Every structure is written in structure tokens, then in C-alpha cells.
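Trainee: I should like to be introduced to this structure by way of questions and answers.
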Amino acid sequence: MQVNFNIRPDIGVQGEPAVASRRVETQGGDQTNFNQTAAIENAFNDVPDARPEVVARGEQIIGSPQYPPLDGIRRISRLLAANWPPGGE
């Protein structure tokens, strides 16, 4: 069997007629159901802007002299140095 990669898509193989492209038709036209979008937006609006327990934890961490850990800083700096693009800024 020989495969020819230079066949034009609008010409059939070995004299067969080309297959017409199929078009997917949507039912109901262009009307879209936004019920889920509205539900997500309402749920997002119900979330408070700040969570007091997380803010208190952040204030506690930022006051600590051991934060961020020195080992973590070293690991991140090594990763950045190893993946820095050549000739980068």
C-alpha cells in the first residue's frame, strides 16, 4: 500500500468523490442558557472579601523572623538560576 501525503483534501482518493464537510447544527439557534453562570456569579458574590482567620494567620507569620524559611529561599533561588533564560534581563 502506498500512501500519498500530497493529496488535496477536496479531491477524492482513486476517483472517489470528495466527502463533503459535515456541519454541526445546534438546536434552538444561538440561545444560550446562562443559569449556571448566574449561579456561579451569585456564589462568588456571597464569598466574603477577607477571611479573618486567614488574615490573623498571615499577621502571625509575617511577624516571625523565621519566615520565609531560609531553605525555601535557597531552593527557589536555585530553581530560578537554573531556569533563567540565556541573555535574559
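The exchange below moves from the whole chain to its helices and then to single residues.

Mentor: This is a predicted model, in which local features need pLDDT of at least 70, side-chain atom pairs count only at pLDDT 80 or more, and totals for chains, interfaces and linings use all residues. Residues are numbered from 1 along each chain as its sequence is written, and side-chain values use heavy atoms, with hydrogens and water left out.

Trainee: What pLDDT does the chain average?

Mentor: pLDDT is the predictor's confidence in each residue, from 0 to 100. In this chain, 61% of the residues score at least 70. Where pLDDT is low, the predicted coordinates should not be read in detail. The chain averages a pLDDT of 76.

Trainee: Which element has the highest mean pLDDT?

Mentor: The chain has 3 helices and 0 strands, where helices (H or I, at least four residues) and strands (E, at least two) are DSSP runs, numbered from the N terminus. The lowest mean pLDDT among the elements, 86, belongs to helix 1. The highest, 94, belongs to helix 3.

Trainee: How many residues of helix 1 are buried?

Mentor: Buried means under 20% relative accessible area, exposed over 50%, and partly exposed in between (1.4 Å probe, protein chains only). Of the 89 residues of the chain, 1% count as buried. Helix 1 has 12 residues and lies largely in the open, because the number buried is 0.

Trainee: How far apart are the end C-alpha atoms of helix 3?

Mentor: The expected span of a helix is 1.5 Å times one less than its number of residues. For the 13 residues of helix 3 this gives 18 Å. The model agrees, as the end C-alpha atoms are 18 Å apart.

Trainee: Which side chain meets Arg 75 in a salt bridge?

Mentor: A salt bridge is a side-chain nitrogen of Lys or Arg within 4 Å of a carboxyl oxygen of Asp or Glu, and the whole structure holds 1. Arg 75 is exposed, at 55% relative accessibility, and its partner lies 4 residues apart from it in helix 3 (residues 70-82), about one turn of the helix. An α-helix has 3.6 residues a turn, so residues three or four places apart point the same way. The N to O distance is 3.9 Å, and the partner is Asp 71.

Trainee: Is Trp 84 buried or partly exposed?

Mentor: Trp 84 lies in the segment after helix 3. Together with Ile 76 and Leu 80, Trp 84 forms a nonpolar patch on the surface. With a relative accessible area of 48%, Trp 84 is partly exposed.

Trainee: Which peptide bond is cis?

Mentor: Pro 68 is found in the loop between helix 2 (52-62) and helix 3. Omega is near -10° for the cis peptide bond, which runs from Tyr 67 to Pro 68.

Methods:
Patches are made of residues with over 30% relative accessible area and no salt bridge: like charges are joined within 9 Å, nonpolar side chains (Val, Leu, Ile, Met, Phe, Trp, Tyr) within 5 Å. Accessible areas come from the Shrake-Rupley method with a 1.4 Å probe; for residues, only the protein chains shown count as cover.
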